[in-house]
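Subject: Structure handover

Hi,

Here is the structure I promised to send over. Please look through it first; my notes follow below.

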2 protein chains.
Amino acid sequence: MTSIKDVARDIEMSTATVSRALRGLRGVSDETRERVMESALRLGYVPSPSAAGLASGQTRTVAVIVPMVTRWFFAAVVQGAEEVLRERGYDLLLYNLAGDATARHRVFATSLLTKRVDAVLVLSLKPTAEELDRLGRLGRPVTIVGADMPGWATVRIDDRDAAATATAHLVSLGHRRVGYIGGATEGVLDFTAPTARLDGFRCTLEAAGIAPAPELEQDGEFTIAGGDRATRTLLALPDPPTAIFAASDEMAMGVLRAARELGVRVPQDLSVIGLDDHELADYFELTTVAQPVQEQGRVAAMQVLAALSDGDWQPTQVILPTHLVVRRTTAAPARQPSSRRRT
Amino acid sequence: MTSIKDVARDIEMSTATVSRALRGLRGVSDETRERVMESALRLGYVPSPSAAGLASGQTRTVAVIVPMVTRWFFAAVVQGAEEVLRERGYDLLLYNLAGDATARHRVFATSLLTKRVDAVLVLSLKPTAEELDRLGRLGRPVTIVGADMPGWATVRIDDRDAAATATAHLVSLGHRRVGYIGGATEGVLDFTAPTARLDGFRCTLEAAGIAPAPELEQDGEFTIAGGDRATRTLLALPDPPTAIFAASDEMAMGVLRAARELGVRVPQDLSVIGLDDHELADYFELTTVAQPVQEQGRVAAMQVLAALSDGDWQPTQVILPTHLVVRRTTAAPARQPSSRRRT
DNA sequence: GTGAAAGCGCTAACAA
DNA sequence: TTGTTAGCGCTTTCAC
């Protein structure tokens, strides 16, 4: 395995100079730099990250902690982050918790990461107070994606606002009886999103002078199956909603499926709006509130990289914009409640 | 930052002993081991991977090269791999090529990985001859998932057989005019799968005494949109197929969408079968040939770990089983060609 | 069962 | 602009 010494010997210079040339530091003559490059190439020299890390204290590696890579949303954020990290010469260490408490504990509680990475990206996980404490002690830049954590660097959308946009769209179409499908406000994934979205929903209805109706708020667990189940509950109500806002597109897909099976026509009998602009939303012609996904990963990565290169960098809270995407699952309610068939 | 020296000093032992105790090597008295553990915990000692890597030549890190994390299939394989790697104390370095030729070049061509990881997992990418050469030179275990590369360790399904199963299912239902939607046999992702699947399709028809019909074989690019387009082409044929085998579930979703928009009923007018058992296949009630996905990642990870711990390990070719999952998109063809409406 | 000592391959401070 | 000199924190002989 050829090392920096071999290159140094080859061109009869010190390893220090070779190291400087290789890293593009200034203070190396053009000629020397060229000779170093040529020699390194010819000798097939590849630097050792372990050695560089040990000597410099920097690993040029960023940890990304994700609840579940198989969820499209998280995969897309990871893709965004990977892209900018790679461009800047950083590697991405993936920690996929996948609902495994042991894994979560291992990643957060033991400070495994301390000497392993230069920075950490946490996706849509609301760390506990203890975990936050640990993250803080890392002494490394940390950015949290998708959660609102005052005092920490975060990248997210305005969940409350996004939910308000969705709800307002339904209200503006004339719906007065609007169902909401969300998720547990405290769950495995612990995002802050569920709470904020529910809040946006409620406030918008209230502002429109529509009385609260607890029976219209259901838990869809942020899954297709959950959305399906919640929809069946809603449509079985004595006075069912004419529109449903699902707080995620996957739940909205569940709504569409349930509606189809119950013989409820969308949007004639039931309007449906989601939130995400999932890659399949177009396929379902789902009206939704779009959030930038890869972009959140990209911005988060840029944020930690900025922190890494700028000594007195302060945690920033970035809020990315969302926008309504009207497709074909929303429409004005039928004048008459249509006769619906239920299972 | 507390180091192994601090622990050694704390219990008045040498760093060598502490190192041995920490790594669970034999030749350390139980009492010493306990004292080391206690001290390490108390002092909040965390080992430095860089130092360990430099000294031992092992990074306890595995690179996973994936064409595109946002594709559910790849994310699931990554999840499977991550799970077993983490269990065994290995970290996962993710390289997402995302159709970026530069990225691909950087990962493969420059031997960046040499000193960075102990092993490499390559997902559904058919490396070029040159890339294979580089991978070989790494001198590290490499496992290729989803491609058939004689001489290399691989984990995959029998694509030909899976396609044959799907086709045979349609034939056994009585279909004689069967469409095929596949992908370019040479593409960005370069899998070997497309070729093998097409082959399985053709042979099965031939074995059933059905004459080849080139116009019934279309390219769906392995995407939903591609499946949609290919379906429109197929159904616009003078003598359209009564059944379609899409070589991936996502393309099959495209088929379903096109059929719906064209007013073609599934399965009455058109039977549809996919291949994958995508997480949404159930949602679409799609009949398909299921392949284990996370399992492929798991097995691949186990394979490189085995290679790492066993000196004279030989590359193994693992073929995981597939099975037919009959849902509701396939049925016997209508006696009479039904009258179809086309756009 | 334990310790001393010699690196692993780099970087960084200080000199020159 | 370049070189010298110490390490960085661990593992690994080889002794004892």
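Which residues form one aromatic cluster with A:Tyr283? They are A:Phe284, B:Tyr283 and B:Phe284.

Before the rest, the ground rules. This is a predicted model: local features need pLDDT of at least 70, side-chain atom pairs count only at pLDDT 80 or more, and totals for chains, interfaces and linings use all residues. Residues are numbered from 1 along each chain as its sequence is written, chains are lettered from A and ligands numbered from 1 in the order in which they are written, and side-chain values use heavy atoms, with hydrogens and water left out.

**Aromatic rings**

The whole structure holds 13 aromatic pairs over all chains. Rings of Phe, Tyr and Trp (its six-membered ring) pair if their centres lie within 6.5 Å; planes under 30 degrees apart are stacked, over 60 edge-to-face, and the rest tilted.

Take A:Tyr180 and A:Phe245. Their ring centres are 5.6 Å apart and their planes meet at 65°, so this pair is edge-to-face. A:Tyr180 sits in strand S6 (residues 178–182) of chain A and A:Phe245 in strand S8 (residues 243–246) of chain A, so the pair ties together parts 65 residues apart in sequence. Helices (H or I, at least four residues) and strands (E, at least two) are DSSP runs, numbered from the N terminus. A:Tyr180 is buried, at 3% relative accessibility. A:Phe245 is buried too, at 0%. Buried means under 20% relative accessible area, exposed over 50%, partly exposed in between (1.4 Å probe, protein chains only).

A:Phe245 also pairs with A:Phe201. That pair is tilted, with 6.5 Å centre to centre and 40° between the planes. A:Phe201 lies in helix H9 (residues 193–207) of chain A, 44 residues from A:Phe245. A:Phe201 is buried.

Back at the cluster, two arginines cross between chains. A:Arg260 lies over the face of B:Tyr283, at 5.9 Å from the ring centre. B:Arg260 lies over the face of A:Tyr283, at 5.9 Å from the ring centre. The criterion: NZ of Lys or CZ of Arg within 6 Å of the ring centre and within 35 degrees of the ring normal.

**DNA strand D**

This strand is surrounded by 24 residues; the closest are A:Arg20, A:Thr32, B:Ile4, B:Ser19 and B:Tyr45. Near means a heavy atom within 4 Å. Sugar and phosphate make up 67% of the atoms of DNA strand D within 4 Å of the protein.

Now the polar contacts (N or O pairs within 3.5 Å; within protein, one must be able to donate a hydrogen and the other to accept it, and residues adjacent in sequence count only if both atoms are side-chain atoms). The side chain of A:Arg20 has an N or O atom 2.8 Å from a base nitrogen of DNA strand D. A backbone N or O atom of B:Ile4 is 2.4 Å from a phosphate oxygen of DNA strand D.

H4(B) supplies the largest share of the surface near DNA strand D, 4 residues.

**DNA strand C**

Here 26 residues surround the strand, and the closest are A:Ile4, A:Ser19, A:Tyr45, B:Arg20 and B:Thr32. A side-chain N or O atom of B:Thr32 is 2.5 Å from a phosphate oxygen of DNA strand C. H4(A) gives the most to the surface near DNA strand C, with 4 residues.

Best wishes
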